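Please examine the model shown below, with attention to its aromatic side chains and to one charged residue. The paragraphs that follow take these in turn.

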Amino acid sequence: MSAVVRHVTIRGRVQGVGYRGWVEHRAAAHDLEGWVRNRRDGGVEAVFAGPEDVVTAMIEACRRGPSSARVDLVQEDAENPDTLNLRRAGERFSVLGTI
């Protein structure tokens, strides 16, 4: 499979329930690159880069999230690889501050 980069925005009860940490753990376990962060509007956004099948599976997992979350909507878009530059230096996957 070829490498893809996808941007996702997750809405629902996804802040204050460990959603970002859950994303970070799952992304690292599947050797994905990218980042995740909270949004001031109450959502969470993430960028995932890697083999298409692995990225697709990660996005599907985001539709469920951790058991304490309630996911109402996951919006997915193709993304430019330059967005990976938001990661912290030396990290494959970063948890970023709120925007």
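Tyr19 and Trp22 both belong to helix H1 (residues 19–29), and because they are 3 residues apart there, about one helical turn separates them. The model in which they appear is a predicted one. Tyr19 and Trp22 are both buried.

A pair of aromatic rings is described by the distance of the centres and the angle of the planes. A search of the whole structure for such pairs returns 2. In one of them, the ring centres of Tyr19 and Trp22 lie 5.5 Å apart with the planes at 50°, so this pair is classed as tilted. Planes under 30 degrees apart count as stacked and those over 60 as edge-to-face, so an angle between these limits gives a tilted pair.

The rings of Phe48 and Phe93 also form a pair: their centres are 6.1 Å apart and their planes stand at 15°, so the arrangement is stacked. Phe48 is located in strand E3 (residues 44–51) and Phe93 in strand E5 (residues 93–95), so this pair ties together parts that are 45 residues apart in sequence. Phe48 and Phe93 are both buried.

Phe48 also leads to the charged residue, since it is among the residues that Arg6 touches. Arg6 itself is part of strand E1 (residues 3–13). Leaving aside residues up to four places away in sequence, the contacts of Arg6 include Ala46 and Val47, as well as Glu52, Val55 and Ile59. Further along the chain, Arg6 touches Glu76, Asp77, Ala78 and Glu79. With Glu76 there is a polar contact between the two side chains, at 3.5 Å.

Technical notes
Residues numbered from 1 in each chain as written. Predicted model: local features only at pLDDT ≥ 70, side-chain atom pairs only at ≥ 80, totals over all residues. Heavy atoms only, no water. Helix = DSSP H or I, 4+ residues; strand = E, 2+ residues; numbered from the N terminus. Polar contact = N/O pair within 3.5 Å; in protein donor to acceptor, adjacent residues only side chain to side chain. Contact = heavy atoms within 4.5 Å. Phe/Tyr/Trp six-rings, centres within 6.5 Å; stacked < 30°, edge-to-face > 60°. Buried < 20%, exposed > 50% of the residue type's maximum accessible area, 1.4 Å probe, protein only.
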